Amino acid sequence: MKKELEAIQSEVIRRSGVNPKKCMRCGKCSGTCPAYDQMEYHPHQFVYMVESGDIEPLLKSDSLYQCLTCFACVDRCPRGVEPAKLVEAVRLQVVRRQGNNHLKTDSIPALIDEDMPQQALVSALRKYSK
Amino acid sequence: MQRIGVFVCWCGSNIAGTVDVQAVSDALAHEPGVVHSANYQYMCSQAGQNLIKEAIEEHKLTGIVVCSCSPRMHEATFRKTAAAAGLNPYMVEIANIREQCSWVHKDMATGTEKAIILGKAAVAKVNLNAPLTPGESPVTKRALVIGGGIAGIQTALDIADAGFPVDIVETKPTIGGKMAQLDKTFPTLDCAACILTPKMVDVAQNENIRIFSYSEVTDIKGFVGNFDVTIKKRARYVKEDICTGCGLCTEKCPMKNVPNEFNLGMDNRRAIYIPFAQAVPKVATIDPEHCNMLKNGKCGVCAKVCAAGAIDYKQQDEYISEKYGAIVAATGFNPISMDKFDEYAYSQSKDVITSLEFERLTNAAGPSSGHLVCPSDGRHPHTIVFVQCVGSRCASCSEKGKEYCSKICCMYTAKHAMLTRDKYPDTEVYVFYIDVRTPGKNFDEFYRRAAEEYGVKYIKGMVGKVSPENGKLHVQASDLLADKQLHIEADLVVLAAAIEPDKSARPLATMLTASMDTNDFFTEAHPKLRPVESPTAGVFLSGACQGPKDIPETVSQAGAAAAKVIGLLAKDKLTGNPCVANSNELMCNGCSSCERVCPYGAITYVDKEFRMPDRTTKVRRVASVNEAVCQGCGACTVACPSGAMDLKGFATKQIIAEVDAICK
């Protein structure tokens, strides 16, 4: 299990292109995050947990799906850590393990309703169709 | 034929650990010209030097090669040793077998091989060396200080105290710099003006100091001891020697809406102005961009009210040429622009201010006469949020901020927070920090007092965004220790903006041929051992132009720079470098290429008579090198198309001999 988690950690870092060691723990990502209150693990914790290899709780956490992928943290991080990309990479690991439940491009038109912001659809595609 | 001695140093185990020193001295013993070869544990020690001296006498050596550390370290030492034994010091060559060999290799075999090759190259060079005698150049006993902030002021005062004349060039209409804009100073809380303005007056009254205010340096030529500098004295349209500084013109001028840069644009001044009450020189200046008389030829109120008749609308920029022996850069710093930090709403709300603006807002001479108010509507702020590290400690790839820590923000923020709580106990003060950095005498005690005695709320975390809502500022931030996201309704947000070198520093560095780092701070000659000297001889560094600094540090560095300047100006003559350019007149074709590339103006052309093979006389134009001015850079030797120009001590023949020895 430990080996598997280590493999996930390096896969997350490789796929996201994020170097969590650049984080100086300022917490600006969590100060910025609009979904903070819905999250069990907040953006700065996310970065720290990936860095320290504490991946297992993240894989099980609902926080993965609370991230709006708004990229505010990416824009404002002074160290260029890009936390949202890390969240996305972890999410991808989970989704991949679940098998074939991807959102298909063809199924999007049926999902469109007037109240749904376009950004949410783009985000959904990013989240599920990789 | 030379008689060469080779001396291989072990440098303890520094060299001997990776290089077989015995093998090196054995191998070099058979090189052409070598009559003696030895190795020793520490060549630079007294015993090692005696070894060299004895060998020079015993073997009648005419040149020596020392295989040791970098010539930057001990070339001077071994030259002195040789001179003491009666050998010309320029008959000494160093083969660097430490920095360029033992320290970069791990393997004994490769290290030894390279050491031998480097030694052979040095021997080949000494075979072609000739004794050289350095010339001397006089020292102009006058110093130039560029920048009139606290750094420049202190340097100038200290140099003047030693009896040398000093000129200060300041771009603003008054000296004083950033310190004049500050309210109180940490950690003692004495008023900045109260400790600075007496020094400004000292400068004005010191007979050895001239102030060129509203001026800039436009050209620098020459070299250490002999700089030729051109100073542009911008027209201020007021005769400096006649103006009494009464200030009547600044009250009567009808142009009332010019943003006042001294108060960072938070209030207005007139088109004719004196920056602040204690300005030095206390002389009015007309801002040509806003003066109606200068723009349209209509008005003339200031000239009418001036009892002294000091106004001169026809004044022109004036260029002054002066010679200096030493130049001190003291160009200082500025807070970075907040334009790129949209998340803090600096451009959206007047109530989001920088720390320097906060200084003016709490200063009795500031736009609100020292009452802490919200700039938007003048109300008293009840909740104030301070944000630290805005633009400091950013990633190197960041387009918004700087990679370095600005060093002074933690302390001045603690000062602002403490003073606010002291004067207005009804305010709630939050400070958001990443780390609180307080390495300084009485600094940490000061910060702890702010938190413990004055009840400033220090929160570890960063503000994510500030949004103006219903006349207030909604601050969203993280509290990392409580693991919470905070939402604060603030009246005033103060940003501790990173500091950067003044924009004038880079063009100045180009004029001085002084080096800078990637952030445009001046580079020191050695980060530990020569912190106030630039690598360019005769150029010294004072204050924040070298790196972020607080006032006590700036003042100590300013004094140190002054001491170095005094040490230079106290000399009557400087011993030059004999490794200067040398033109072979018989080969020179008079093309002027060398004259054009010479950065020091050391080459001139003269007409000279030559006897031709047919016994007639012909006058030819040939290059002539002024050895006192030449710095031995070698640019002319490369530019010369006919190969007439050579560098003494580094002749083309010598370099080729070294290369041949290496490639053999």
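Start by selecting Ala143(B) and Ala326(B): in strand S18 of chain B, Ala326(B) is the bridge partner of Ala143(B). Keep in mind as you look around that this model is predicted.

**Stop 1: the strands around S18(B)**

Widen your selection to residues 143–146 of chain B, which form strand S6, and residues 326–329 of chain B, which form S18(B). These two strands run parallel, and four bridges join them.

Now add residues 539–541 of chain B, which make up strand S29. S18(B) pairs with S29(B) as well, again in the parallel sense, this time over three bridges. To find one of the links, pick Ala329(B) and look for its bridge partner in S29(B), Leu541(B).

Stay on S18(B) and show its residues one by one. Are they buried or exposed? Ala326(B) and Val328(B) sit on one side, Ile327(B) and Ala329(B) on the other, and all of them are buried, leaving both faces of the strand covered.

**Stop 2: the whole of chain B**

Zoom out and colour chain B by secondary structure. You will be looking at 18 helices and 34 strands. The C-alpha trace spans about 90 × 70 × 40 Å along its principal axes. Chain B has 664 residues, and 46% of them count as buried. If you show contacts in chain B between residues at least 6 apart in sequence, 70% of those contacts join residues at least 24 apart.

**Stop 3: where the chains touch**

Next, show chains A and B together. How many residues does each chain bring to the contact? Chain A gives 15 residues and chain B gives 18. On the side of chain A that touches chain B, select helix H2, residues 28–32 of chain A: this helix supplies the largest share, four residues. Coloured by class, that side of chain A shows four nonpolar, six polar and five charged residues.

**Stop 4: two helices in chain A**

Finally, hide chain B and select residues 2–16 of chain A, helix H1, along with residues 83–97 of chain A, helix H7. Their axes come within 9 Å and cross at roughly 130 degrees, which makes H1(A) oblique to H7(A). The crossing is right-handed.

To see where these helices meet, show side chains. From H1(A), include Ile8(A), Val12(A) and Arg15(A) among the residues you pick; from H7(A), include Leu86(A), Ala89(A) and Gln93(A). Taken together, the residues of this helix contact divide into six nonpolar, two polar and four charged.

Terms used
Residues are numbered from 1 along each chain as its sequence is written. Chains are lettered from A and ligands numbered from 1 in the order in which they are written. This is a predicted model: local features need pLDDT of at least 70, side-chain atom pairs count only at pLDDT 80 or more; totals for chains, interfaces and linings use all residues. Axes are lines fitted to C-alpha atoms, for helices over the stretch in contact, and angles run from 0 to 180 degrees between N-to-C directions. Angles under 35 degrees count as roughly parallel, over 145 as roughly antiparallel, 65 to 115 as roughly perpendicular and the rest as oblique. A crossing is left-handed if the near helix is turned anticlockwise from the far one by less than a right angle, and right-handed if clockwise. Two residues are in contact if their C-beta atoms, placed from the backbone, lie within 7 Å. Ala, Val, Leu, Ile, Met, Phe, Trp, Tyr, Cys and Pro count as nonpolar, Asp, Glu, Lys and Arg as charged, and the others, Gly among them, as polar. A residue is buried if 20 or more other C-beta atoms lie within 10 Å of its own, exposed if 12 or fewer, and partly exposed in between; C-beta atoms are placed from the backbone. Two strands pair if DSSP finds at least two bridges between them.
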